[in-house]
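Dear colleague,

I am passing on the structure below, as agreed, and the notes that follow set out what was found in it. Please read them with the coordinates open beside you.

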Amino acid sequence: MDLDREGLAIVCYTDRGILKGKIGLWTPPEVPDAVQLEKTGPPMLYLIDASLLDSDYRVVVRAREMAVNKNAILFAYEDELASELARLKGMIATEDFDSAASEAERLLLTNQRDAELFYLSGLIFERFEGDPRAREYFQKALALILDDKFRAVVSRHL
């Protein structure tokens, strides 16, 4: 797998945890009248919209940008669920909740450890007033979230 392919959604396993995000290309800021030094140090992988997960797949922290030493990556693979979640978000944005509900149920059949999927599913079923699945999915999302900011967002729906 090419770890330099910008926009590729990946999952990386390290000895410290699991990282999920999209590969971004880091470009150093241009500073006028400054000496630009060669990049030194270990090879880094820059992730955008990244999450650090623990061994129980709980979200420890979410960050807009995150860097990881490529030498610390034990193995990595393409995050196929990321494209499915992007499609689900598109359905929510266009308020196609019937299609989104069907898609969420399909995804939940094989993905029971993804906090974002549970959160999005909660948002979808919240639109169907009185549907108990909304509360159930928000609670399942909370069980997988340790990050305070993300917990606060999900908690507002309960």
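**Helix α4 and its surroundings**

Within helix α4, the residues Ala134, Tyr137, Phe138, Ala141 and Leu142 are buried. These residues cover an arc of only 140° around the axis, which puts them on the same side of α4. Please keep in mind throughout that this is a predicted model. The face of α4 that is turned away from the buried side carries Pro132 and Ala143, both of them exposed, while the buried residues pack against α2 (97-110), α3 (115-126) and α5 (148-155). As for its length, α4 runs over residues 132-143, and its twelve residues should span 16 Å at 1.5 Å a residue, which agrees with the 17 Å between its end C-alpha atoms.

Helix α4 also holds a charged pair, since the side chains of glutamate 136 and lysine 140 meet in a salt bridge, at 3.3 Å from N to O. The two residues are four apart in α4, about one turn of the helix. Glutamate 136 is partly exposed, with a relative accessible area of 34%, and lysine 140 is likewise partly exposed, with a relative accessible area of 32%.

**Helix α3**

One of the helices that α4 packs against is α3, and here the picture is one of enclosure: ten of its twelve residues are buried, so α3 is largely enclosed by the rest of the structure. The buried residues are Ala115, Leu117, Phe118, Tyr119, Leu120, Ser121, Gly122, Leu123, Ile124 and Phe125. They pack against the strand β4 (59-69) and against the helices α1 (80-93), α2, α4 and α5. From its first C-alpha to its last, α3 reaches 16 Å, close to the 16 Å expected for its twelve residues at 1.5 Å a residue.

**The chain as a whole**

Stepping back, the protein chain has five helices and five strands, and read along the sequence these follow the pattern β-β-β-β-β-α-α-α-α-α. The C-alpha atoms fill a box of roughly 60 × 35 × 30 Å, taken along the principal axes. Of the 158 residues, 39% count as buried, and the chain exposes about 9800 Å², of which carbon and sulfur atoms supply 50%. Among contacts between residues at least 6 apart in sequence, 54% join residues at least 24 apart.

**Salt bridges**

Side chains of opposite charge can pair when their charged atoms come close. The structure holds 14 salt bridges, and besides the pair in α4 two others are described here.

In one of them the side chains of lysine 20 and aspartate 79 meet, with 3.8 Å from N to O. Lysine 20 lies in strand β2 (residues 18-24) and aspartate 79 in the loop between β5 (73-78) and α1, so the pair ties together parts that are 59 residues apart in sequence. Both lysine 20 and aspartate 79 are buried.

In the other, glutamate 103 forms a salt bridge with arginine 106, the closest N and O atoms being 2.5 Å apart. Both residues lie in helix α2, three residues apart, about one turn of the helix. Glutamate 103 counts as buried because its relative accessibility is 9%, under the 20% cut-off, whereas arginine 106, at 40% relative accessibility, counts as partly exposed. These two residues, together with Glu84 and Arg87, are linked in a network of salt bridges.

**A strand residue and a surface patch**

Two further details may be worth finding in the viewer. Isoleucine 48 is found in strand β3 (residues 44-53) and is partly exposed, with a relative accessible area of 27%. Leaving aside its neighbours within four places in sequence, isoleucine 48 is in contact with Gly21, Lys22, Gly24 and Arg64. The C-alpha atoms of isoleucine 48 and arginine 64 are separated by 5.5 Å, although the two residues are 16 apart along the chain.

Finally, Met1, Leu74, Phe75 and Tyr77 make a nonpolar surface patch of about 450 Å². Methionine 1 lies in the segment before β1 (9-14) and is exposed, with a relative accessible area of 55%.

With kind regards

Conventions: Residues numbered from 1 in each chain as written. Predicted model: local features only at pLDDT ≥ 70, side-chain atom pairs only at ≥ 80, totals over all residues. Heavy atoms only, no water. Patch = residues over 30% accessible without salt bridge, like charges linked within 9 Å, V, L, I, M, F, W, Y side chains within 5 Å. Areas by Shrake-Rupley, 256 points an atom, 1.4 Å probe, with all protein chains shown as cover. Salt bridge = Lys/Arg side-chain N within 4 Å of Asp/Glu carboxyl O. Buried < 20%, exposed > 50% of the residue type's maximum accessible area, 1.4 Å probe, protein only. Expected span 1.5 Å × (residues − 1). Arc of directions from axis to C-beta. Contact = heavy atoms within 4.5 Å.
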